[in-house]
Amino acid sequence: MTRLAARTTVLLTTVALVGTGVALLAGCSATPGGTDAGAGTDAGTGTGTSATARATAGALGAGFSDPTQPPAPEATIHPEPGSWSGVHAPDDYDVVLLSDAGDAHDAPTRTLLDAVASWAADEDVTVTRVSATDADDRIAAVTRAIDERSDLVISVGNHMVDPLAAVSPTALHQQFLVVGAEIAEPTSNVTAADWTGGGFRGEGLGPSSHYDPSTFTEERAARALRAGLAAVLHDLRGIVVWVR
């Protein structure tokens, strides 16, 4: 309860107003048997990754994770460098890039935005930009991102961490990847890719490592993005992928 109390009053009030709409959207993704769609469901609907998609995405290399002991929810894995290099976006993969417009000139966030753009160009991935216009629009921006029903929502920038933490539990049908930051208590649909020097977890919670903007280099951002994507595509979700 201490962590929840640290959230701002405005954030919680806004969540209450939009929660019903997002919950209805999540309910639409339920399977005929009444269970929520999750890992292993068909790609192209924002609900997971089909076996066919995983096959076209390529295989994880040795040392990414221990296949005999899958990571527990909220666990942190430390993949061997390059163990994700054989994984690529499946055919017709599409993502939403979620950010705050006010962070456009923030150097770490700008590096992350450029990394996603470069990766998308290399992988021929369709990217739809969704940006919060100001602080009051952040919760709504997350909802707009979910409404796109993409295969994956990639969130960058510290300002989107709290809104994403508030909304993502009510949208379990949508997969999220947070790059350069974390959600303190992620649900199974939120994966983070982080490193020493990143690790912002939300207002009042502090970073999971000493925050150092200089560690947000082009090379490290690209590495984290690809490692995080590899985890998502291979159903290693709701965890932190810690890159070196």
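Which side chain meets that of Asp-235 in a salt bridge? In this predicted model, the partner is Arg-237, and the N to O distance is 3.1 Å. The two residues do not fall in the same accessibility class: Asp-235 counts as partly exposed because its relative accessibility is 27%, whereas Arg-237 counts as buried because its value is 10%. This pair is a good place to begin, since a search of the whole structure turns up 8 salt bridges, and a few of them make a useful path through the fold.

Let us move on to strand 2, which covers residues 94-100. This strand is mostly covered, with 6 of its 7 residues buried. On one side of the pairing pattern, strand 2 runs parallel to strand 3 (residues 126-132), and 7 bridges join the two. If you would like to find the register by eye, look for Leu-97, whose bridge partner in strand 3 is Arg-129.How does the chain get from strand 2 to strand 3? Helix 4 makes the link, and strand 2, helix 4 and strand 3 form a right-handed β-α-β unit. Strand 2 also pairs with strand 4 (residues 152-156), again in the parallel sense, through 4 bridges. Here the pair to look for is Val-95 and its bridge partner in strand 4, Leu-152.

Now follow strand 2 to Asp-100. Which residue does the side chain of Asp-100 meet in a salt bridge? The partner is Arg-138, at 2.6 Å from N to O. This pair ties together distant parts of the chain, as Arg-138 belongs to helix 5 and Asp-100 to strand 2, 38 residues apart. Are the two residues buried or exposed? Arg-138 counts as buried because its relative accessibility is 18%, under the 20% cut-off. Asp-100 is buried as well, because its relative accessible area is 5%.

Arg-138 has further neighbours to explore. Setting aside residues up to four places away in sequence, Arg-138 touches Asp-100, Ala-132, His-159, Met-160 and Pro-163.

Stay in helix 5, which spans residues 138-147, and go along to Ala-145. This residue counts as buried because its relative accessibility is 0%. Which residues does Ala-145 contact once its neighbours within four places in sequence are left aside? They are Val-96, Leu-98, Val-130 and Val-153. It is also worth looking at Val-95, which lies 50 residues from Ala-145 in sequence and 9.4 Å away in space, C-alpha to C-alpha.

For the last stop, turn to helix 4 (residues 107-123) and helix 7 (residues 218-233). Where is the salt-bridge partner of Arg-226? Arg-226 pairs with Glu-123, and their closest N and O atoms are 3.0 Å apart. The pair again links distant parts of the chain, with Arg-226 in helix 7 and Glu-123 in helix 4, 103 residues apart. Arg-226 counts as partly exposed because its relative accessibility is 23%, while Glu-123 is buried because its relative accessible area is 14%. Asp-122 joins in too: Asp-122, Glu-123 and Arg-226 are linked in a network of salt bridges.

Terms used
Residues are numbered from 1 along each chain as its sequence is written. This is a predicted model: local features need pLDDT of at least 70, side-chain atom pairs count only at pLDDT 80 or more; totals for chains, interfaces and linings use all residues. Side-chain values use heavy atoms; hydrogens and water are left out. Contact means heavy atoms within 4.5 Å. Buried means under 20% relative accessible area, exposed over 50%, partly exposed in between (1.4 Å probe, protein chains only). A salt bridge is a side-chain nitrogen of Lys or Arg within 4 Å of a carboxyl oxygen of Asp or Glu. Two strands pair if DSSP finds at least two bridges between them. A crossover is right-handed if, with the strands pointing away from the viewer, the path from the first strand over the helix to the second runs clockwise.
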